[in-house]
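Could you walk me through this structure in plain words? I'm new to it and would like a guided look at its inner spaces and its odder spots of backbone.

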Amino acid sequence: MSKSTKSTFGLKAALSLSVGMTALVAGGISATAQEEAADETKRLNTVTITATKREQTLQDVPVAVSVVDDQVIEKANIQDLGDLQSLVPSLSVGQLQSSANTNFVIRGFGNGANNAGIEPSVGVFIDGVYRSRSASQISDLPNLQRVEVLRGPQSTLFGKNASAGVISIVTRKPQFEQGGAVEGSFGNFNSYRVKGDITGPLSDTVAYSASAYYNKRDGYADDLATGDDVNQRNRYGLRGQLLFQPNEDLEIRLIGDYDKIDEICCVAGNLINGPTGGAIFALGGALDPANPFSYDVYNNFASENDIDNSGLSAQVDYSMAWADLTSITSYRMSSLTQNADSDFTSADLISVNFNETDIDTFTQEFRLTSNNTEGMFDWMVGAFYFDETVEIENDFQYGSQFRGYADFLAPGGFGAVEGFLGVPIGTTFGQGGQGPREEFGQDNTAWSIFGTLDTHLTDRLTASIGLNYTEDEKDAYGRATNSDAFSALNLDQLGYTAILAGLLGQNGVDITNPASVGPFVQANPALYGALQQGAAAAAQNPAQNPFAPLAGLQFLPPFLNFPNAVENGSTSDDNVSYTLRLAYDASDNLNVYGSYSTGFKATSWNLSRDSSPTVANFTPGNSIVDPVTGQTIVPTPSSPLGDAGLGVVNQGNGTRFAGPEEAKVWELGAKMSFDNFALNVAFFDQTIEGFQSNVFTGTGFELLNAGKQSARGIEWDITANLSDNFTVVFAGTAQDPKYDSFPDSASGDLSGQAPSGIPELSTSVSANYDFTLGDMDGYVRGDWQHEADSNYFDDPVNQAAIEAAGFERGYDLFNASIGLTTSNDISASFWVRNLTQEEFVTTAFPSVAQAGSLSGYPNQPRTYGITLRKEF
């Protein structure tokens, strides 16, 4: 059976399974039996969530949402958001080239890594506070109460950057009873993790809590060149809270936190060793060819990641007779410093690839929510303000062996140009330390007003409408200086001069001798004009220009700074998002709903050296000036930037920014809950127009809008208590993703093609058995996560190459744990993740400046350990 046939079969089987289960449960249990089920016989816990900004039970809220509570998080050894995807199939978390570059994807939609100008499509909120970048989201999870994952556009309540979904993390409030816990974990790779929390009253009206953690682990990959271990863990964090409850109507919660990451990350292995591999070894460098799961890598310096996050927030809740008022104020700072050996070899091709990013974010939200539960209407109105500053500094420098590598790609190329120009040979071009220094940044302000109205048409039928109006303004800048002299050469001009010199030589004229060339030009104007035109035509023909083959060595051409007289560096977006929903309580145990929602993500600026003017503002092309007469033989093509005299040599086209994303989703869902069984199922048809695609091409990223991307499918979440002690959860997502329209991608016309990295089927199965052993409580738990195969690349050439090499993206991961808790609240657990040592490459990409080679990030190998915990 072919891959596509198996994938289609899996999709149909999943659809049939879920539809059949829905019909079986709905039809096989009578309404009378449902209503007679006594509450005391129920073995499933009632889960309360606040992801819709109103407290509701999971079964009552008519939204596709997954909830993972603190007990599951503890038993499954979930340490960060990356681990969470093993329990939520619709969520995918990708770790890329650094600790800060983590991408969150829901239903196949999501972006935001690799460029601080690109805000995520999946919004992450911690205690109601928006975390705008992945660098501020990936630290170890604090003292949790639950994690809620809302699937599909959530812009009505969450604003501009929730076009694909929301991850809402809820931590425990301070308690007015003294308590706390200490915990220590020890595992392979010399892993140890300690954390603790304490809470209690300061007075009858004030409570506090404090928590801290430290997480350290050796890397599971070895750098055989530097001697460092790679993919380490070295993280710690502090968090303090105060809770004021002066009376029953007022509550004030203050939170302060700080966390730090200082790690060498991330391991990238060679998947396909192309023709440039020979040059790496010839220079004395090394790589481990086509062997990513050896976890042996070679770099000429360690890729360091230093991340600091801190913030303060204040939430005020005031209850009045007719409504509840909520205010959430926050100020956050995120600082990232990294230096990466991005060619992932021990040859000294890159000596510095430094980035420092500072992000300061202020947010303010007000909400007013009705609290009359007996009325016909429930409503909410609110406003949100966002003010953020992003500042970036980059420094990129060639290494000492870059020239030798360039000579392999184009033998003698640098020397030939140096000789032609009459500059010192061997010491002018391709020198270590050459490269660009850059500054980028943006100021972003946004505000929105929103509201929802639930109308209870009958005791069981509710119609809901939600509206959100958002305005978003960004002022961005980019400026650079560049000491890479070769990338600034006009090869058309050099080719013209060389070809003209040859033509003049055929006429006995030496172009370098004014006494020879001057009289010839004056005496033969028509002939010289013909020679000029012939030389110009040949210079613009890559097959005839002797220097044209060297264009591939111009990796870092000059940068056109912005804003400028043509490009103002500003964007202003506005949008109305809305939700329409009809929910029906068919019985006390069965709820069904249908909804249509829209979502919005604001413009994202390309804050990197890959930012280029658009076709509308610039037409590529270098001028050619006759070196003898000074005449302009080939002018710079006319364009707004060129006509303003702002064009730079070798400037190409691209984008400065990607315009807004607009999402739409139709959804039909059912939620059933009985004494020992629950089923949530949702059918969805979701599209995003203008999806902000950011694709790595081997030497840079291309940011642009896809025309339209869609996904249609089904999600299900089944929980069954097979006995008082044994619980099984089966969840999954089956979908049919597609680029409906993407004619101008970096890989050509992708219209009608399935996007890379989105599996048609993702499932997870969890089984938990609780038992008693003497006076101790215990559990045994197992988790299985399955992801069907999907393409690594949209580009058909790269995808064909990686398939031929035998790499597949699909996997089956097994995690397990067992634990005991004594009567005096001392617990011990043993856990293992990736029990069967499954091997797969999470992400693949063209090797940097190594045409024909592919690299990728291998998954984490088996990890295991023991955790000891004491509660008091």
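The largest cavity in this predicted model holds about 140 Å³ of space. To picture how such a hole is found, think of a probe the size of a water molecule: rolling it over the atoms shows where empty space is left. Searching the whole structure this way turns up twelve cavities of 30 Å³ or more.

What surrounds the largest cavity? Its lining is made of 18 residues, and those closest to the centre are Ala268, Gly269, Asn270, Leu287 and Phe344. Three elements each give two or more residues to that lining: strand S17 (269-272), strand S18 (296-297) and strand S42 (854-858). Sorted by class, the lining comes out as eight nonpolar, seven polar and three charged residues.

Now step to the loop between strand S16 (250-264) and S17, which is where you'll find Cys266. A disulfide ties Cys266 to Cys265, with the two S atoms 1.9 Å apart. In general terms, a disulfide is a covalent bond between the sulfur atoms of two cysteines. The count for this model is one disulfide, so keep an eye on this pair. The torsion about the S-S bond of Cys265 and Cys266 is about 85°, and therefore the disulfide is right-handed. The backbone joins in too: the peptide bond linking Cys265 and Cys266 is cis, with omega of about 15°. Both Cys265 and Cys266 are buried.

There is another cis peptide bond to look at, running from Phe562 to Pro563, and here omega is near 0°. To find the spot, go to the loop between helix H11 (525-539) and strand S25 (570-585), where Pro563 sits.

Next come some backbone angles. Asp127 isn't a glycine, yet its phi is positive, at about 50°. Look for Asp127 in the loop between strand S6 (122-126) and strand S7 (129-131). Is Asp127 buried or exposed? Its relative accessible area is 10%, and since buried means under 20%, Asp127 counts as buried.

Tyr295 also has a positive phi without being a glycine, with a value near 55°. Tyr295 belongs to the loop between helix H6 (277-282) and S18, and S18 is one of the strands that give residues to the lining of the largest cavity. With 7% relative accessibility, Tyr295 is buried as well.

Terms used. Residues are numbered from 1 along each chain as its sequence is written. This is a predicted model: local features need pLDDT of at least 70, side-chain atom pairs count only at pLDDT 80 or more; totals for chains, interfaces and linings use all residues. Side-chain values use heavy atoms; hydrogens and water are left out. On a 1 Å grid over the protein atoms alone, a cavity is a set of points where a 1.4 Å probe fits but cannot get out, and a pocket is an open set with protein on both sides within 12 Å along at least five of seven lines; lining residues have an atom within 4 Å of a point. Grid points are joined across faces, edges and corners, and a volume is the space filled by probe spheres set on the points. Helices (H or I, at least four residues) and strands (E, at least two) are DSSP runs, numbered from the N terminus. Ala, Val, Leu, Ile, Met, Phe, Trp, Tyr, Cys and Pro count as nonpolar, Asp, Glu, Lys and Arg as charged, and the others, Gly among them, as polar. A disulfide is a pair of cysteine sulfur atoms within 2.5 Å. Buried means under 20% relative accessible area, exposed over 50%, partly exposed in between (1.4 Å probe, protein chains only).
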